[in-house]
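Please walk me through this structure in the viewer, telling me what to select at each stop and what I will find there.

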Amino acid sequence: MRVSEEGMTIEDVARLAGYERKDFSVCLGCKICGSVCTINDLSVAANPQALLLSLFLQKELKNDDPVLHYCTNCYNCTTACPWHIRIPEIVRAVKGKMGMETPFEKAFKSSVGIWGRVYEPYVFLKALSFLIRGGYLAYVMRWKEYVTFHLPHKVRNMGDAWQKSARQRKAR
């Protein structure tokens, strides 16, 4: 897909990412962003600079670009960039324009839109089918502490009371 096709212009992407088109022209092409990219540690061969260059030159953007698919929003690229270009925000803008958001990302944005912040139980429930299909349920125990943090105190303490009574029954 070309940037100019499908109704997406470089100005749209720049505006969504908080930039102006001329801000992309400061990129030196040094590829430092690619050298520190987290997903390159996984041998994915992502090149954030190439994505930026394609945008600036209005070249074809491919849906299977590793940067678009696997960007972790770690901002290592932004920190290392001499101009601190915020590649993750550009990636989010492009993905939004291309309709590439996962249900998890949609739930995340929806939560921010409704409550003004990320409400983990809402995001979890809204993206539950995606999480099941993607095999992410293996991480549920890690999320448990974040999810239970937002529960009312009476509900949260029920688990502690249940564990305490179970220990007392076991001790008898």
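Begin by selecting helix 7, residues 103-115, which gives five residues to the lining of the largest pocket and thereby contributes the most to it. Keep in mind throughout that this is a predicted model. Now add helix 6 and helix 9 (128-133) to the selection, since each of these, like helix 7, supplies at least two residues of that lining.

With these helices displayed, turn to the pocket itself, which has a volume of about 660 Å³. Its lining is made up of 18 residues, and those to select for the closest approach to the centre are Cys-71, Asn-73, Thr-102, Phe-104 and Glu-105. If you colour the lining by class, you will find nine nonpolar, four polar and five charged residues.

Next, keep helix 6 (87-98) selected and bring in helix 1 (10-16), helix 3 (48-57) and helix 4 (66-70), the elements that each give two or more residues to the largest nonpolar core. Helix 6 provides the largest share of this core, with six residues. The core has 27 residues, and within it Ile-90 and Val-94 touch the most other members.

Which residues is Val-94 in contact with, once its neighbours within four places in sequence are left aside? Select Met-8, Val-13, Leu-55, Leu-61 and Leu-68, and you will have the set that answers this.

For the last stop, look apart from this core to another one, of six residues, which includes Ala-107, Tyr-122, Ala-127 and Leu-131.

Methods:
Residues numbered from 1 in each chain as written. Predicted model: local features only at pLDDT ≥ 70, side-chain atom pairs only at ≥ 80, totals over all residues. Heavy atoms only, no water. Core = buried A, V, L, I, M, F, W, Y, C linked by side-chain atoms within 4.5 Å. Buried < 20%, exposed > 50% of the residue type's maximum accessible area, 1.4 Å probe, protein only. Helix = DSSP H or I, 4+ residues; strand = E, 2+ residues; numbered from the N terminus. Contact = heavy atoms within 4.5 Å. 1 Å grid on protein atoms, 1.4 Å probe; cavity = no way out; pocket = protein on both sides within 12 Å on 5 of 7 lines; lining within 4 Å. Points joined across faces, edges and corners; volume = space filled by probe spheres on them. Nonpolar A, V, L, I, M, F, W, Y, C, P; charged D, E, K, R; others polar.
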